[in-house]
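Trainee: Got a minute? I'd like to go through the labels on this one and see what stands behind them.

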Amino acid sequence: MSWKASAWAKEQRLGSPAAKAILLCLADYADAENAACWPSQEQLSQDAEVSERTTREWLQRLEDWGLIARMRRTRRNGARAADMIVLKLDVSVLDGVERCRSGKGSDAAVTDGLPAESAGRTNRQSGADLPAIDDTPTGNQFRAYKEEPPIEPTNRTSQRAREGARERDDLKNGSETENPKAVERAYWRVLKGWPGFDGMPKDPAKKPWLALTPEERAEAEAKRDAWFDMVKSQGWKNVPKPSIYFTNKLWKDVALPKEPEPESLVAKPWGALWGLVRVKQFLTVDPKDAPPMTAAQRRMIDQGVIDADEVLRERQARYGWPAVNAMHERAANRRGVSVAPALQAFAGLMEPVPVGSGRWEEWKLFHERKGWPWLPNTGEQRVVYFPIGGPGGLKEFEAAIKADEAKGNDDGAQQAAE
């Protein structure tokens, strides 16, 4: 789940609770790196609690409005798979009600054929006209006009994460005084693993715990392990009881260890960071020298069977870029590469290119002319990221990368991530 995608979906004003529910479900499925997902229409219908017809028609309308992009996917056996859906986080729709009523952003057939709950209103008026395509509403349509309950995407894992975040916010903001259960849970977290915990009475420690302020309780919990380390390093024979720890506030002079900054992160195959690192190698690293041509190749060139320049480009692609070829091999096995976190700032220079599209063929031909190794089989992955604007946009991409390197931030691909 991507919190950016969820926040973006909540900001949209689509004019229909059904549309909002579908968009929220898509955001719940979207990955954090590319805002892409591939749920089936049946799954979306179940999650949003709408009919599959409503789901299909709203996906079409969301695409017409530019909020999503859909790419067709097929399985290895040729069967149709669920479309890949990419959320366009740079696009916003704030006039959904007006668009629904006027049919703006979609053709008439789709506009007139939308079900009742998609018409930009939730309550059927006594004299209101039905959509032109339907003279009589079906049972599901009539219920949608009459009453459409609020919908939220249901995800138990996300719900648990939200509850944990709320509890941490309670402790941080001091509101746990209004939530005795949160205070109780924090108390037992502090006592869990305390030396001698199993054999000592628990209630004597609770009174001094409750006497602490919310901020002191949060600090006592956060610094407990660091305090254990200090006690051990100073050679104390016995660890004081929790009641003494709370009463005397023994954690006050303990400093929390600084969390190390991440040295690298994993760029998933075919994604924006992965594609950025790959093209950056071509533009900033000199190719390795290929081994000499074989005698057979030289004879074929002399006889005019093969073109010398074509052979040189093919050999450069095979031997000149070992780091890129290693990336390709790992990507074919669904394994990414480690990259410096600083490269995330340049992810916006990349765009998704559907496999087999016209832009895809442009890049393939460009690789052949430059002697760059082309991508391996992407399998079921139907989108790969390249610099925005196609080969013609490489100058701006290269300028941005080299300007960053001039500042001393040479953060290219690091060792392959295991």
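Mentor: Start with burial: buried means under 20% relative accessible area, exposed over 50%, and partly exposed in between (1.4 Å probe, protein chains only). This is a predicted model, where local features need pLDDT of at least 70 and side-chain atom pairs count only at pLDDT 80 or more, while totals for chains, interfaces and linings use all residues. Residues are numbered from 1 along each chain as its sequence is written, and side-chain values use heavy atoms, leaving out hydrogens and water.

Trainee: Which residues of helix α1 are buried?

Mentor: In α1 (residues 3-11; helices are DSSP runs of H or I with at least four residues, strands are E runs with at least two, numbered from the N terminus), they are Ala-5, Ser-6, Trp-8 and Ala-9.

Trainee: What puts them on the same side of α1?

Mentor: Their arc, taken from the directions from the helix axis to the C-beta atoms, covers only 165 degrees, so they share one side of α1. Trp-3, Lys-4 and Lys-10 are exposed on the other side.

Trainee: Why is the pair of Trp-363 and Phe-386 called stacked?

Mentor: Rings of Phe, Tyr and Trp (its six-membered ring) pair if their centres lie within 6.5 Å; planes under 30 degrees apart are stacked, over 60 edge-to-face, the rest tilted. Here the centres are 5.0 Å apart and the planes at 15 degrees, so the pair is stacked.

Trainee: What makes Trp-363 count as buried?

Mentor: Its relative accessibility is 0%, so Trp-363 counts as buried. Phe-386, at 1%, is buried as well.
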